[in-house]
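Biologist: Got a minute to go through this model with me? I'd like to start with enclosed space.

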Amino acid sequence: MIIYGIDFTSRPQRSKPITCLESVLEDTHLRAGNLTEWRDFAAFEAALRKPGPWVAGIDFPFGQSRRFIETIGWPDTWQGYVDHAKQLGRQGFRSALDDYRKDRPAGDKEHRRATDIAAGSISPQKLYGTPVGLMFFEGAPRIKEAGVTIHGLQQGDPRRIVVEAYPGILARSLIGRQSYKQDSKAKQTREQYKARMEILNLVNKNGVQPSHGLTVEAPNSLADDPGADHLDALLCAIQAAWAWTRRHSNYGLPTTIDPLEGWITHPTTSP
């Protein structure tokens, strides 16, 4: 099976492209292959429409929390509120989230989905720091319109399957909370490179076999990127590959998923 691991960004450009690692899964062995960098959304959209069979793990929140959607009064289906967010435009979406936070008490300004709580990820409403809210805004309409299957959210082409990945949860399971990436050149350190190499060495030496049931073969060069986009693409591919091995058990997802929120694919967040 062809497996894609995609590290997403809300504003692809030469200095920060969308990164895609194409891999091959044979039984339970995942072999990393070609690494591609997309500097615009058109290339990402074209990849989503590439004929299957394939499975892609993509690193951005596919949905928003039920509490946010119901409180702000957006449409009560995933397809409905994704379309609504797109119609607002990027600035309108930003303004809607800023206005929502403005008069809410501290600690209740941004809500997490059930899967965010399980995975330890931040709220998909967040616009600053790591702007996953903008990643949702740019990514969710594109996967919806591509007609792919997203279990729990959208029944599309059964030969093109997309799962929500989160590299952070896999990285933490391997090296704890060590810092392993930094986009700002001034803040990049030798220790972060060592942490990336530690992740890669563990992955290559059966470090994910106990949790994911997979062996992995990937080049050391994936650790060279200080922003870890290349390494994160590999971690996304591992999560997508695990989902494929669990395809006869709901792709490793819980039997009941909130149809507004979606779910991050990972063994520790699933039954």
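Modeller: Sure. Keep in mind that the model is predicted. The count comes to 1 cavity of 30 Å³ or more.

Biologist: How much space lies in the largest cavity?

Modeller: About 80 Å³.

Biologist: And which residues line the largest cavity?

Modeller: Phe-62, Ile-150, His-151, Leu-153, Val-162, Val-163, Glu-164, Leu-253, Ile-257, Gly-262, Trp-263 and Thr-265. By type, the lining divides into 8 nonpolar, 3 polar and 1 charged.

Biologist: OK, pockets. What volume does the largest pocket have?

Modeller: About 860 Å³. It is lined by 35 residues, and the closest to its centre are Asp-59, Thr-130, Val-132, Met-135 and Lys-181.

Biologist: How do the residues of that lining divide into nonpolar, polar and charged?

Modeller: There are 12 nonpolar, 11 polar and 12 charged residues in the lining of the largest pocket.

Biologist: Which helices each supply at least two residues of the lining?

Modeller: α5 (132-145), α6 (167-175) and α9 do.

Biologist: Tell me about α9. How many residues, and what reach?

Modeller: Helix α9 covers residues 229-245, so 17 residues by the DSSP run. From first C-alpha to last, α9 reaches 24 Å, close to the 24 Å expected.

Biologist: Is α9 largely enclosed or open, and why?

Modeller: Largely enclosed by the rest of the structure, because 16 of its 17 residues are buried.

Biologist: Switching to cysteines. How many disulfides?

Modeller: The count comes to 0. Cys-20 is in no disulfide, and the nearest cysteine sulfur, that of Cys-236, is 10.0 Å away.

Biologist: Why no bond for Cys-236?

Modeller: Because the closest cysteine sulfur, in Cys-20, is 10.0 Å from the sulfur of Cys-236, too far for a bond. The cut-off for a disulfide is within 2.5 Å.

Biologist: Are those two buried or exposed?

Modeller: Cys-20 counts as buried, at 4% relative accessibility. Cys-236 is buried too, with a relative accessible area of 0%.

Biologist: Last topic, strands. How do β2 and β3 run?

Modeller: Antiparallel, with 8 bridges joining β2 (residues 18-26) to β3 (residues 29-38). Glu-26 stands opposite His-29 in β3.

Biologist: What sits in the hairpin between them?

Modeller: The hairpin has 2 residues between the strands, and Asp-27 takes a positive phi near 60°.

Biologist: Which way do β3 and β7 run, parallel or antiparallel?

Modeller: Parallel, with 3 bridges joining β3 to β7 (residues 215-217). The bridge partner of Arg-31 in β7 is Glu-217.

Note on methods
Residues numbered from 1 in each chain as written. Predicted model: local features only at pLDDT ≥ 70, side-chain atom pairs only at ≥ 80, totals over all residues. Heavy atoms only, no water. Buried < 20%, exposed > 50% of the residue type's maximum accessible area, 1.4 Å probe, protein only. Helix = DSSP H or I, 4+ residues; strand = E, 2+ residues; numbered from the N terminus. Expected span 1.5 Å × (residues − 1). 1 Å grid on protein atoms, 1.4 Å probe; cavity = no way out; pocket = protein on both sides within 12 Å on 5 of 7 lines; lining within 4 Å. Points joined across faces, edges and corners; volume = space filled by probe spheres on them. Nonpolar A, V, L, I, M, F, W, Y, C, P; charged D, E, K, R; others polar. Pairing = 2+ DSSP bridges.
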